[in-house]
Amino acid sequence: QVQLVESGGGSVQAGGSLKLSCAASGYSFSNCRMAWYRQGPGKERELVSTITPIETTTYADSVKGRFTISQDNAKNTLYLQMNSLKTEDTAVYYCAADMGYSGSWCYVPRWGQGTQVTVSS
C-alpha cells in the first residue's frame with residue numbers, strides 16, 4: 001500500500017522557520033515529479049513547489065526566495081525548508097506526485113493528512 005506521510009509542522013512567529021518532511025512508503029518517488037501543496041482556511045489547495053528527478057525546481061511566486069524544496073532518494077523523503085515565514089503561509093501542507101508530469105507508477109490513491117503550519121504575528 002502506497003502512502004505519503006507529512007510531518008514537521010507547528011506554530012511559529014512571523015519570521016521564523018520550519019522544515020517539513022514527506023515520507024513515502026510503498027513506492028519510490030525517484031522517478032516522479034514531486035510537489036508540495038498547501039490549503040489555508042477557506043481557501044483552495046494551491047501548488048507551492050515542485051522538484052523533478054533531475055532536481056529542477058519550481059516555486060510559487062509567493063514563496064520564492066523563502067522556501068526550498070529538496071529530496072533524499074536514499075531515505076525516500078521529500079522536504080520543504082521554510083524560512084522568513086509570514087502569517088499568510090498558515091495552512092495545512094501536503095505532498096504528492098504531480099500527476100500531470102509523472103508516470104502512473106507515481107500515483108497515490110489518496111492525500112495524506114497533511115501537516116499544519118501556523119504562523120502568528
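**Note on strand E3 and the two disulfides**

1. At 1% relative accessibility, Cys-95 counts as buried, where buried means under 20% relative accessible area, exposed means over 50% and partly exposed lies in between, with a 1.4 Å probe and protein chains only. The model is a predicted one, in which local features need pLDDT of at least 70 and side-chain atom pairs count only at pLDDT 80 or more, while totals for chains, interfaces and linings use all residues. Residues are numbered from 1 along each chain as its sequence is written, and side-chain values use heavy atoms, with hydrogens and water left out.

2. The structure holds two disulfides, a disulfide being a pair of cysteine sulfur atoms within 2.5 Å. With bonded cysteines counted along the chain, the disulfides follow the pattern 1-3, 2-4.

3. One disulfide is formed by Cys-22 and Cys-95, whose sulfur atoms are 1.8 Å apart. This pair links distant parts of the chain, since Cys-22 belongs to strand E3 and Cys-95 to strand E9 (residues 91-97), 73 residues apart; strands (E, at least two residues) and helices (H or I, at least four) are DSSP runs, numbered from the N terminus. The torsion about the S-S bond of Cys-22 and Cys-95 is about 65°, and the disulfide is therefore right-handed. Cys-22 is buried, its relative accessible area being 0%.

4. Cys-32 and Cys-106 are joined by a disulfide with an S to S distance of 2.0 Å, and this link is left-handed, with -95° about the S-S bond. Because Cys-32 lies in the loop between E3 and strand E4 (34-39) and Cys-106 in the loop between E9 and strand E10 (115-120), the pair ties together parts that are 74 residues apart in sequence. Both Cys-32 and Cys-106 are buried.

5. Strand E3 (residues 18-25) has side chains that alternate along its length: Leu-18, Leu-20, Cys-22 and Ala-24 point to one face and are buried, whereas Lys-19, Ser-21, Ala-23 and Ser-25 point to the other face and are not buried.

6. E3 pairs in the antiparallel sense with strand E1 (residues 3-7) over five bridges, pairing being assigned if DSSP finds at least two bridges between two strands. Ser-7 has Ser-21 of E3 as its bridge partner. E3 also pairs in the antiparallel sense with strand E8 (residues 77-82), over six bridges, and here the bridge partner of Ala-23 is Thr-77 in E8.
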